[in-house]
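Subject: Structure handover

Hello,

Here is the structure for you to look through. My notes on what was found in it follow below.

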Amino acid sequence: MSIVKEVESIFPAETSIPQNALSGLPVEQDKYLIRGELRHWRGRVQEVFSQVCVKTSSGTSPKRLGIHPLLTEKESTEALNAAVEAYNNGRGLWPTMSVSDRIKHMEDFVCQMVEVKAEVVNLLMWEIGKSYEDSNKEFDRTVQYIRDTISALKDLDRVSSRFVIEQGIIGQIRRAPLGVVLCMGPFNYPLNETFTTLIPALIMGNTVVFKPPKHGVLLYSYLLEAFRDSFPQGVVNTIYGKGREVLPPLMASGKIDVLAFIGTGEAANQLRKQHPKLHRLRCILGLEAKNPGIILPDADLELAVKECILGCLSFNGQRCTALKILFVHSKIVDAFLGRFAEAIEGLRFGMPWEENVFITPLPEPGKTQYLTELMQDAFGFGAKVINDKGGTVNESFFYPAVLYPVSDKMRIYHEEQFGPLIPVLAFEDIETPIQYVIESNYGQQLSVFGSDPDVIARLIDPMVNQVCRVNINSQCQRGPDTFPFTGRKGSAEGTLSVSDALRVFSIRTLVAAKEVDINKKIITGIVRGRKSNFLSTDFVF
Ligand code: G3H
C-alpha cells in the first residue's frame, strides 16, 4: 500500500482494536489523595480523549478514555496544607524517620506498583500514544529507577554513618530533607520523569504535592492506592486540574520549598515568579533543548543514519533529548539524505499496540497543525521535504518529514519542534555548527558523528563547556539513569541521576561538638542508646 493510503487508513474501527488494549476503559477517575485519604470528587471533571483516534460511522474521532477531577484552589490548598503538616517544620514522622524505615515504605510502594503494571502500560499507550514496547520500557525503567535509588541511598547512608574528627571537632554529617516539594513531570514520560523527582524527593524525607502532566493523568488512578497504603498520611498528596487555577495559590503561599518541574521554561518562570521568597525556593528544572547532530565528512554513514533515526524519531521525536537539528558536511550531505530518507521509509507506523511500530499518533491536540506550519514557513525560505510523502497528515498522525536545506531564517531552526520533523543543514566549516551551539539558548547535549580521533577531540574540548553531554557516534539520551542528566543555559537547573537526585532533594546537615569529655559522653550515650535517627552509626545493608 502507498504511504498516503496507509496514513489515510491508519486509525482503526473500535471493533478491530485488540480486546486487551480496550480492557479497563473508560477510567472514571473521581478520586484524589489528600492527607492519606482517597477522597471522592463530586465537582467539575475533565473528559479525557486519546489522540489515538477511532473510526466511527460519523468519521474519525478521538477515543474517550474517561474523566479526572478538576480540583479548585480550595482542594489544592488542602493538599499543600496536608504536606506542610506532615513535614511539620522537619518534626513530622516522615522527615525524622530512620533511613531504613523510609526504605521499607518505598519497598512496599514498589511492590504494589508492579502489580498494576498492565493497567498503567495500557493507559500510557492510550494517553500519550507511546508504543506498547516503549510503554513497557518506561514502566520497567521506572521500577528499576526506584530500586537503584534505594541502593544509592544505602550507599550514601553507609558513608554518612561515620563520625569525623577534624581540628578537635567531632562531626557527623548526613543529608537532611528540604521541606515540601511540588513535583510535576512532562507528558512524554508522564510516569518515568515524574518519578525521577518524586521518588528521590520522598525517600530523602520531604513531603510532596504532585500534579500529573496534562497527558498521562489517568494512569495515576492505578497508583493512588499504593501511595495511600505505602506512606504515612500527608506525605504524598495529588492534585488534578487546570495548572493556572491550582498552582498559583501553592506558589504564592510561600510554603513550597522545592519546585521540581520538567516542562517549558516559560511555565517554570511563571511558577517561580509567584513565590514570595525567591531565595528560599529551590528549583530543579528540566526544560527545553534543541540538541544538534553534527555529521562530519568521515562519518560511518550507516552508523550515523541508524543513530540519527533513533535520535530524531524515537517516540516521534518527543523527547527532550531528541536530535532536533542535523548539521551534515556538504561532502556527504546527499549520500546521508538518501540513506536517511530510505531508513524512514523502512519504519513501521501505526497504532501503539501494533508489534514493532515506531511512529505513532501525537498526543497533543493541534500538534500536527503546528508541525505543518513550521514546514510551510520553511518552504517559504526555500526548504523542501526530501523524503517520500514526508509531512502527510491524518488527524493526529504526522508522517516524518526531513526538511532540507534549512537556514536561520526559518522557525524550525530556532523552535523546539518536539515532533517528527527533522531540519537538516549542510556545512563546509565546522564553525557553522559550533556557532549554532554557542548562539543557542539551550545547552543540553549534542551528538558528533565521525571517525578521526583528532577532529573529534578538537570538538569535544570546547563543546563540553557548551552542553552537558557530548555523544560520539551515538544518539543523545538521558540514560543510563546513573549518569548525570542536566543542561546549561535555558535547558535545566540542577543535576539528576540516581545518586545526584538524592543530593538535590536534600541538604548536608551536621551535628558537631568540641572533642571534650562531656561531649564524648553525650554522643556515646545517644549512639549506644540509639536515641537519635540522625546522630547514629547505624546503617542499612
Ligand atoms: O524527555 C526527556 C527524557 O529525559 C529523555 O530521556 O533520553 O532516555 O529518552 P531518554
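I begin with the empty space inside the protein. The largest cavity is lined by 16 residues; those nearest its centre are Leu285, Gly286, Leu287, Phe485 and Ala492. Its volume is about 120 Å³. Counting every cavity of 30 Å³ or more gives 3. Please keep in mind that this is a predicted model.

Next, the ligand. Where does the ligand sit? It occupies the second largest pocket. Ten names make up its surroundings: Arg141, Asn188, Tyr189, Glu193, Arg319, Cys320, Thr321, Gln477, Arg478 and Phe485. Phe485 thus appears both in this shell and among the residues nearest the centre of the largest cavity. By type, the shell holds 4 charged, 3 polar and 3 nonpolar residues.

Both domain 1 (71-286) and domain 2 (291-486) contribute residues to that shell, so the ligand lies between them.

Three polar contacts to oxygen atoms of the ligand can be listed:

- Tyr189: a polar side-chain atom is 2.4 Å from a ligand oxygen.
- Cys320: here a backbone N or O atom is 2.7 Å from a ligand oxygen.
- Thr321: an N or O atom of the side chain lies 2.7 Å from a ligand oxygen.

How much of the ligand does the protein bury? On its own the ligand exposes 310 Å², and the protein buries 95% of that.

Regards

How values were computed. Residues are numbered from 1 along each chain as its sequence is written. This is a predicted model: local features need pLDDT of at least 70, side-chain atom pairs count only at pLDDT 80 or more; totals for chains, interfaces and linings use all residues. Side-chain values use heavy atoms; hydrogens and water are left out. A residue is near a molecule or strand if one of its heavy atoms lies within 4 Å of it. A polar contact is a pair of N or O atoms within 3.5 Å; within protein, one must be able to donate a hydrogen and the other to accept it, and residues adjacent in sequence count only if both atoms are side-chain atoms. Accessible areas come from the Shrake-Rupley method with a 1.4 Å probe; for residues, only the protein chains shown count as cover. On a 1 Å grid over the protein atoms alone, a cavity is a set of points where a 1.4 Å probe fits but cannot get out, and a pocket is an open set with protein on both sides within 12 Å along at least five of seven lines; lining residues have an atom within 4 Å of a point. A molecule sits in a cavity or pocket if more than half of its atoms lie within 2 Å of its grid points. Ala, Val, Leu, Ile, Met, Phe, Trp, Tyr, Cys and Pro count as nonpolar, Asp, Glu, Lys and Arg as charged, and the others, Gly among them, as polar. Domain bounds come from an automatic or database domain assignment. Grid points are joined across faces, edges and corners, and a volume is the space filled by probe spheres set on the points.
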